[in-house]
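New to this one? Here is a quick tour of a sheet, the helix beside it and the nonpolar cores.

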Amino acid sequence: MPTNIPIPPERPVTSRNTCAPYCKNGRALLAGGGGMAATMIKPTRRPARLTLLLAALVSAVAACGAPTYTYVKNSNEHLYFKVPHEWRKVDPIAPDVFTDPVDPASFESAKRDAARAWQAAYDSDRSGENPDVLFGNDGKPFVYAQVRKLTEDQRDEMSINALRDLFLPVTDSGRKVAAQHDQEIIDSFQKGELSLNEARLRWSGLSGFELIGDRVLDPGNGIKGVRTVFNYYNAKYSDVLHTFDQTVLLSSDSSRAYLFVISCAAAYYREHFDQLNTIATSFTVRSR
């Protein structure tokens with residue numbers, strides 16, 4: 001797995017002070033008692049201009065309190081991240097996007113639910129419709145976070161490469177296994193062992209993998225992880241090439257895996273890299 005392909009450099013994000021010159025030290029100069037506000041309130045021979053100036057002042061002060069981001073946190077799991085304030089929370093969330101479907105009443109379904117300690121999703125679509133998770137035709141950005149409890153066997157096997165493949169196959173070996181699985185599904189369908197619907201559900205539809213960047217992370221306090229950016233097509237959902245900005249962290253005691261994925265059209269990712277990079281780097285996990 002190549003590790004020397006750089007993720008586009010993280011650039012410092014500067015926020016514009018929309019309050020200036022009407023705010024000083026976080027307080028609006030509207031309290032009277034002289035100064036700028038008292039001078040502006042003094043009657044003049046041009047009331048129309050005064051009215052417009054005051055209206056502009058009030059609008060600028062109102063902008064001081066307008067939030068830019070929504071902060072999402074789970075105190076029990078010691079994690080947080082942020083998304084643009086105008087994005088909406090997605091509920092319900094499709095819990096198992098790339099796993100074989102199982103009966104909700106089955107023991108396997110119960111095990112998956114038990115392993116999923118927490119999850120949350122946000123997207124930029126304000127229509128209120130639940131989109132195709134990760135692979136929407138419109139290519140709008142989608143953020144998914146998950147906390148997964150690991151078994152004893154999984155803890156022993158949780159290498160950096162295993163973290164890379166936790167959600168989608170990224171490593172050479174992970175993609176080889178996924179391709180073999182897809183071929184087995186196709187063979188079973190051709191033999192009549194699976195119906196078209198069953199085969200389509202179990203077939204991943206993934207193709208056109210491209211690795212953009214990979215960086216091993218060391219947040220400290222025994223936590224380790226990796227951030228990987230890559231492209232995929234998925235014939236099941238869309239003909240649009242999608243970029244995935246994926247961060248996976250492992251707790252210091254290896255009992256939890258923390259997944260954070262941003263998905264959107266590849267063209268959108270390139271155009272809005274600064275904003276999406278800010279979201280990706282906001283994902284923080286504290287030691288348990």
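## A sheet, a helix and two cores

Let's start with a pair of strands in this predicted model: β4 and β12 run antiparallel to each other, joined over two bridges. At one spot, Y80 has T284 in β12 as its bridge partner.

Those two strands belong to an open, three-stranded sheet, ordered β3-β4-β12 with antiparallel pairing. β3 and β12 sit at the edges, each pairing on one side only.

Now for the helix. α9 packs on this sheet and touches β3, β4 and β12, with its direction at about 165 degrees to that of β4. Is α9 mostly covered or mostly open? Mostly covered: seven of its 10 residues are buried. Among them are F273, L276, I279 and A280.

What about the nonpolar residues? In soluble globular proteins, nonpolar side chains tend to be buried together. Here the largest nonpolar core has 25 residues, and L79, F81, W118, F260 and F283 have the most contacts inside it. These are the elements that give two or more residues to that core:

| Element | Residues |
|---|---|
| β4 | 79-84 |
| β6 | 116-123 |
| β7 | 142-149 |
| β9 | 223-234 |
| β11 | 256-265 |
| α9 | 273-282 |

There's a second, separate core too, with 22 residues, including A121, F142, Y144 and L250.

Finally, take a look around W118. Which residues does W118 contact, leaving aside its neighbours within four places in sequence? They are V72, N74, L79, F81, A145, Q146 and V147. Two of these names, L79 and F81, also appear among the core residues with the most contacts.

Notes. Residues numbered from 1 in each chain as written. Predicted model: local features only at pLDDT ≥ 70, side-chain atom pairs only at ≥ 80, totals over all residues. Heavy atoms only, no water. Core = buried A, V, L, I, M, F, W, Y, C linked by side-chain atoms within 4.5 Å. Buried < 20%, exposed > 50% of the residue type's maximum accessible area, 1.4 Å probe, protein only. Helix = DSSP H or I, 4+ residues; strand = E, 2+ residues; numbered from the N terminus. Contact = heavy atoms within 4.5 Å. Pairing = 2+ DSSP bridges. Axes fitted to C-alpha atoms, helices over the stretch in contact; angles between N-to-C directions.
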